[in-house]
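Load the model in your viewer and keep the sequence panel open. The stops below are selections to make in order, with a note on what is found at each.

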Amino acid sequence: QVQLLESGGGLVQAGGSLRLSCAASGRIFSINAMGWYRQAPEKERELVATITSGGATNYADSVKGRFTISRDNAKNTVSLQMTSLKPEDTAVYFCNADRVRQNSALVYSNVWGKGTLVTVSS
């Protein structure tokens, strides 16, 4: 099994910063894309940011200019640096890994972590 473990969630005041980290474990040859999604109460899960193994990034409009995603391909980790946090950012943040390749014949898609809670107070 390939597993993802998130860390770094917590309580922060509006305008503050927080850094989330995610580590993939298991037999892994490569991961095509890693990213972060979030789900607020009574809301649908939404994309926050993704990054490919080559470094191409994609951000939701609501976080552009405030959040920065990065990854370490050698360590199979991805991080999300969040700044200028708003109460609207409060949600459970989930780590995602797409196309996790174990060998030429075995690839996992859309592996999810269990989530980490981020609460931004006003």
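How many bridges join strand 9 to strand 12, and in which sense do the two run? Three bridges join them, and the strands run antiparallel. Before selecting them, note that this is a predicted model, in which local features need pLDDT of at least 70 and side-chain atom pairs count only at pLDDT 80 or more, while totals for chains, interfaces and linings use all residues. Residues are numbered from 1 along each chain as its sequence is written, and side-chain values use heavy atoms, with hydrogens and water left out.

**Strand 9 and its partners**

Select 91–103, which is strand 9. Strands here are DSSP runs (E, at least two residues), numbered from the N terminus, and two of them pair if DSSP finds at least two bridges between them. Add strand 12 (116–121); Tyr93 stands opposite Thr116 there.

Next add strand 4 (30–39). Nine bridges join strand 4 to strand 9, again antiparallel, and Met34 stands opposite Ala97. Ala97 also has a bridge partner in strand 11, namely Val111. Strand 9 and strand 11 are antiparallel, with two bridges.

Now select 106–108, strand 10, which pairs with strand 9 through three antiparallel bridges. Val100 has Tyr108 as its bridge partner in strand 10. Two residues lie between strand 9 and strand 10 in this hairpin.

**The open sheet**

Move to the open sheet of four strands, with order 1-3-8-7 and antiparallel pairing. Strand 1 (3–7) and strand 7 (67–72) are the edges; each has a single partner strand, so one side of each has no neighbour in the sheet. From one strand to the next the twist averages 15°, using axes fitted as lines to C-alpha atoms and angles that run from 0 to 180 degrees between N-to-C directions. Select 77–82 for strand 8, which pairs with strand 7 over six bridges in the antiparallel sense. Within this pairing, Thr68 stands opposite Gln81.

**The disulfide**

Show Cys22 and Cys95 as sticks. They form a disulfide with sulfur atoms 2.1 Å apart (the cut-off is within 2.5 Å), and the structure holds one disulfide. Cys22 is in strand 3 and Cys95 in strand 9, so the pair ties together parts that are 73 residues apart in sequence. The S-S torsion is about -85°, so the disulfide is left-handed. Both cysteines are buried, where buried means under 20% relative accessible area, exposed over 50% and partly exposed in between (1.4 Å probe, protein chains only).

**The nonpolar core**

Select Trp36, Leu80, Met82 and Tyr93, the residues with the most contacts inside the largest nonpolar core, which has 31 residues. Such a core is a set of buried Ala, Val, Leu, Ile, Met, Phe, Trp, Tyr and Cys residues joined through side-chain atoms within 4.5 Å. Strand 9 gives the most to this core, with five residues.

**Around Trp112**

Finish at Trp112, partly exposed at 34% relative accessible area. The ring centres of Tyr37 and Trp112 are 5.1 Å apart and the planes are at 70°, so the pair is edge-to-face. The rule takes rings of Phe, Tyr and Trp (its six-membered ring) with centres within 6.5 Å; planes under 30 degrees apart count as stacked, over 60 as edge-to-face and the rest as tilted. Add Arg45: its charged end sits over the ring of Trp112, 4.7 Å from the centre. Arg45 also lies over the face of Phe94, at 3.9 Å from that ring centre. The criterion is NZ of Lys or CZ of Arg within 6 Å of the ring centre and within 35 degrees of the ring normal.
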